[in-house]
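User: I'd like to learn how to read burial and internal cavities in a protein model. Could you walk me through it with an example?

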Amino acid sequence: MARCGDKDIAEQIKNCFREFDKDGNGAITRGELAQVLQHLCRPGQALSKDEIDKCLNEADKNENGVIEYEEFVDWLIKPGTRVQASKKGILAFDFEAVLKPLFEVFDRNGNGSVSKEEFEECFCILQNAMRLADSSEDPGPMLLSRNASDIFATAEVSGDRYLDFTEFVEWQRKALEKSGLLNEDLKDLVPALARQLQRIFRISEAEERGQTTSEDENLLKRVINNVASFSRDIWNEEYAAKNTLYGKKHYSNRWSEPPVGLNIERLLRQYVAHSRLRIRDLTDFNVQVLCVPELVDENQMDLSGRRWIARIDHGKPQKSTKKKQRDRFDYFVYSDLRWRAEPDSDDLFKEALENLSVDMRFFCLLKTQANFGVLISWNGVQSALKAAVEMGLMDARQHKAFNQQFEVEVLDSLREEGALFGLTEQEKMQKLQETLSSSIKVATRAVMSALVQREVFRVSSKLADVMDA
């Protein structure tokens with residue numbers, strides 16, 4: 001059982017058993033079970049007699065009408081149960097909330113139910129991932145060796161040829177009966193699998209539009225490996241199961257489609273108006289902006305309503321012994337189609353930034369410089385790269401190497417066009433700089449791909465989130 005050997009887990013289970021076993025006789029009766037479960041319900045909610053009986057039946061394996069300690073241990077660590085042990089005592093476990101992101105991926109058209117075609121499409125992706133992954137010699141979970149059509153027929157009990165959310169949850173509850181994971185593991189792995197499946201669909205859609213690059217092959221391979229790994233973890237049938245995400249550094253913030261009207265030029269106009277009286281206090285008014293998406297619950301699938309936070313670095317304040325130096329950062333928040341000055345948003349911005357992976361922090365720099373457009377000027381690229389060096393996302397050597405490679409490609413292009421014919425070396429360099437400064441615009445994704453190719457950033461599945469950006 002995943003991490004079951006931990007002394008903390010064992011102690012938590014013992015404490016939970018004592019909390020249920022009110023009379024201390026070593027067994028939990030139906031009445032004691034009902035009393036604690038009702039206490040766990042949210043205000044205004046109550047468990048029905050059938051729900052309490054269902055919990056009792058889940059735990060009472062020898063069917064003697066009470067839950068003994070060994071039965072209680074097996075029940076509490078079984079994934080999908082309605083309660084879990086924690087350091088805070090007994091907590092209700094919302095299995096439905098954990099599965100919701102995965103259901104929403106299967107529900108491709110978002111109508112609230114999964115058709116047979118939608119189910120087979122997603123299920124076949126899971127099966128193909130097991131076959132194509134680097135660890136394809138591992139046969140994978142028994143669940144994924146079965147025919148998708150047969151599984152759908154078993155899970156769909158209403159006879160309407162659609163799988164509603166309740167049926168989806170019960171299908172997964174049964175599929176996890178032999179799993180050796182804890183509920184806490186499911187809270188990590190199921191949403192992670194849902195995000196990877198979303199990324200496969202996003203890459204596929206970009207490929208249909210002809211918008212993929214050679215680097216996207218490595219990206220797809222990374223996502224496929226993740227799908228296979230998470231699937232193997234979730235639907236294992238081993239007592240000593242593992243969670244490959246356990247103990248790993250996890251960046252919980254991610255990119256999403258920016259809201260309508262998110263515009264950095266508009267922000268700067270508002271900022272200048274807001275700051276007019278303070279400009280004279282600055283020795284070097286060189287405004288730099290970084291805009292990042294707010295950190296929200298990573299299980300939340302609809303991110304259209306999230307806020308975006310902009311940090312404005314307005315330069316170094318003038319040294320003065322007579323008055324306190326001003327903070328060099330100002331903060332604005334974009335929501336409901338407008339920017340609002342929110343000077344106390346330092347922690348909000350820092351939390352959002354630190355929970356973005358390194359490559360996504362740089363992508364935010366690029367998109368800010370591009371005014372959240374698809375294309376970015378060469379000067380904008382340079383501003384983003386310079387800021388990345390200052391933030392420690394890359395070093396000056398990598399910045400210089402990127403520039404040199406890009407300049408070689410531009411010179412080759414100018415040479416093919418005949419634009420360098422008859423020019424001296426000095427004139428060629430001058431022509432290069434003029435071209436870079438005046439007419440070069442590149443896709444932000446192309447810049448990211450070039451940096452990944454140069455191994456400045458590693459291939460990350462999160463790059464699939466910016467396929468359309």
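Analyst: Happy to! This is a predicted model. Let's begin with burial: of the protein's 469 residues, 48% count as buried. A residue counts as buried when its relative accessible area is under 20%.

User: And what share of the exposed area do carbon and sulfur atoms supply?

Analyst: They supply 47% of the roughly 24500 Å² that the protein exposes; the value is "about 24500 Å²". As for the fold, the secondary structure comprises 17 helices and twelve strands. Taking contacts between residues at least 6 apart in sequence, 68% join residues at least 24 apart.

User: Now the cavities. How is empty space found?

Analyst: The general idea is to roll a probe the size of a water molecule over the atoms, which shows where empty space is left. Here, the structure holds two cavities of 30 Å³ or more. The largest cavity has a volume of about 120 Å³.

User: Which residues line the largest cavity?

Analyst: Its lining consists of Glu215, Asp216, Leu219, Arg445, Met448, Ser449, Val452, Val459, Leu463 and Val466. Sorted by class, six are nonpolar, one is polar and three are charged.

User: Which helix gives the largest share of that lining?

Analyst: Helix 17, with four residues. Helix 10 (215–234) and helix 17 (444–453) each contribute at least two lining residues.

User: And which domains does the lining draw on?

Analyst: Domain 2 (95–236) and domain 4 (358–468) each provide at least three residues of the lining of the largest cavity.

Conventions: Residues numbered from 1 in each chain as written. Predicted model: local features only at pLDDT ≥ 70, side-chain atom pairs only at ≥ 80, totals over all residues. Heavy atoms only, no water. Buried < 20%, exposed > 50% of the residue type's maximum accessible area, 1.4 Å probe, protein only. Contact = heavy atoms within 4.5 Å. Areas by Shrake-Rupley, 256 points an atom, 1.4 Å probe, with all protein chains shown as cover. 1 Å grid on protein atoms, 1.4 Å probe; cavity = no way out; pocket = protein on both sides within 12 Å on 5 of 7 lines; lining within 4 Å. Points joined across faces, edges and corners; volume = space filled by probe spheres on them. Nonpolar A, V, L, I, M, F, W, Y, C, P; charged D, E, K, R; others polar. Domains from an automatic or database assignment.
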